[in-house]
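Labels such as "buried" or "stacked" are handy at the bench, but where do they come from? Let's go through some of them together.

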Amino acid sequence: MEYLKISWLHPFKDEPELLYSEIDAQRYESRKIEIYPDGSFGIACPQFHFGGTALSGLIIPEIEEFSADTQLISEQISAAEFEGIWNKYFNFLS
């Protein structure tokens, strides 16, 4: 698995500013969290989705491709960091 954190620099209040993705060996998303400027969020996995967030059906590009876009700040994060964010938002729904 690979874990990405992407900060999207934009002026749109109805688009996420932070995206966290868990990427499987075939480069498809297996879990995703989107956090919006107002603090609202959406999460998705194959069995569940909330807040309008859905997993992409497309192969996720390598991190270098995200970095080529000046509106995106991308970084690889650890599995532990992703799990912490996932649990924070998933448990909020419980």
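**Rings in the helix**

Both Phe 82 and Trp 86 are buried. Keep in mind that this is a predicted model.

Q: Why is Trp 86 called buried?
A: Trp 86 has 6% relative accessibility. The label buried applies under 20%, so Trp 86 earns it.

Q: What makes Phe 82 and Trp 86 an aromatic pair, and what kind of pair is it?
A: A pair of aromatic rings is described by the distance of the centres and the angle of the planes. For Phe 82 and Trp 86 the centres are 6.3 Å apart, and rings pair if their centres lie within 6.5 Å. The planes of these two rings stand at 20°, while planes under 30 degrees apart count as stacked. Phe 82 and Trp 86 therefore form a stacked pair.

Q: Where do Phe 82 and Trp 86 lie along the chain?
A: Both belong to helix α2, which covers residues 79-93. They are four residues apart, about one turn of the helix.

Q: How do you know which kind of pair Trp 86 and Phe 90 form?
A: The ring centres of Trp 86 and Phe 90 are 5.7 Å apart, and the limit for a pair is 6.5 Å. Their planes meet at 10°, and under 30 degrees is what stacked requires. So Trp 86 and Phe 90 are stacked. These two residues also sit in helix α2, four residues apart, about one turn of the helix.

Q: Is Phe 90 buried, partly exposed or exposed, and what makes it so?
A: Phe 90 has 32% relative accessibility. Buried means under 20% and exposed means over 50%, with partly exposed in between, so Phe 90 counts as partly exposed.

Q: How many aromatic pairs are there, and which residues do ring pairs link into a cluster?
A: The whole structure has six aromatic pairs. Ring pairs join Tyr 3, Phe 48, Phe 82, Trp 86 and Phe 90 into a cluster.

Q: What makes Arg 31 a residue that lies over the face of Trp 86?
A: Arg 31 is at 5.0 Å from the ring centre of Trp 86. The cut-off for that distance is 6 Å, and the charge must also be within 35 degrees of the ring normal. Arg 31 is listed as lying over the face of Trp 86.

**Core and pocket**

Q: Which residues make up the largest nonpolar core?
A: This core has 12 residues, among them Tyr 3, Tyr 20, Ile 33, Phe 41, Phe 82 and Trp 86. At least two residues each come from β3, β4 (41-45) and α2. The largest share, four residues, is supplied by α2.

Q: How much space lies in the largest pocket, and which residues are closest to its centre?
A: The largest pocket holds about 220 Å³ of space. Its lining has 14 residues, and those closest to the centre are Ile 6, Leu 19, Ser 21, Glu 29 and Phe 66. Two or more lining residues come from each of β1 (2-8), β2 (18-23) and β3 (29-35), and β2 gives the largest share, four residues.

Q: What classes of residue line the largest pocket?
A: There are 10 nonpolar, two polar and two charged residues in the lining.

**Loops and a strand**

Q: What sets the phi of Arg 27 apart, and why is this residue called buried?
A: Arg 27 has a positive phi of about 75° although it is not a glycine. Arg 27 is in the loop between β2 and β3. Its relative accessibility is 13%, under the 20% cut-off, so Arg 27 counts as buried.

Q: Why is Ala 25 called exposed?
A: Ala 25, also in the loop between β2 and β3, has 71% relative accessibility. Exposed means over 50%, so the label fits Ala 25.

Q: How do you know that Ala 44 is buried?
A: The relative accessible area of Ala 44 is 1%, and buried means under 20%, so Ala 44, in strand β4, is buried. The C-alpha atoms of Ala 44 and Lys 32 are 5.3 Å apart, with their positions 12 residues apart in sequence.

Terms used. Residues are numbered from 1 along each chain as its sequence is written. This is a predicted model: local features need pLDDT of at least 70, side-chain atom pairs count only at pLDDT 80 or more; totals for chains, interfaces and linings use all residues. Side-chain values use heavy atoms; hydrogens and water are left out. On a 1 Å grid over the protein atoms alone, a cavity is a set of points where a 1.4 Å probe fits but cannot get out, and a pocket is an open set with protein on both sides within 12 Å along at least five of seven lines; lining residues have an atom within 4 Å of a point. Grid points are joined across faces, edges and corners, and a volume is the space filled by probe spheres set on the points. Ala, Val, Leu, Ile, Met, Phe, Trp, Tyr, Cys and Pro count as nonpolar, Asp, Glu, Lys and Arg as charged, and the others, Gly among them, as polar. Rings of Phe, Tyr and Trp (its six-membered ring) pair if their centres lie within 6.5 Å; planes under 30 degrees apart count as stacked, over 60 as edge-to-face and the rest as tilted. Buried means under 20% relative accessible area, exposed over 50%, partly exposed in between (1.4 Å probe, protein chains only). A nonpolar core is a set of buried Ala, Val, Leu, Ile, Met, Phe, Trp, Tyr and Cys residues joined through side-chain atoms within 4.5 Å.
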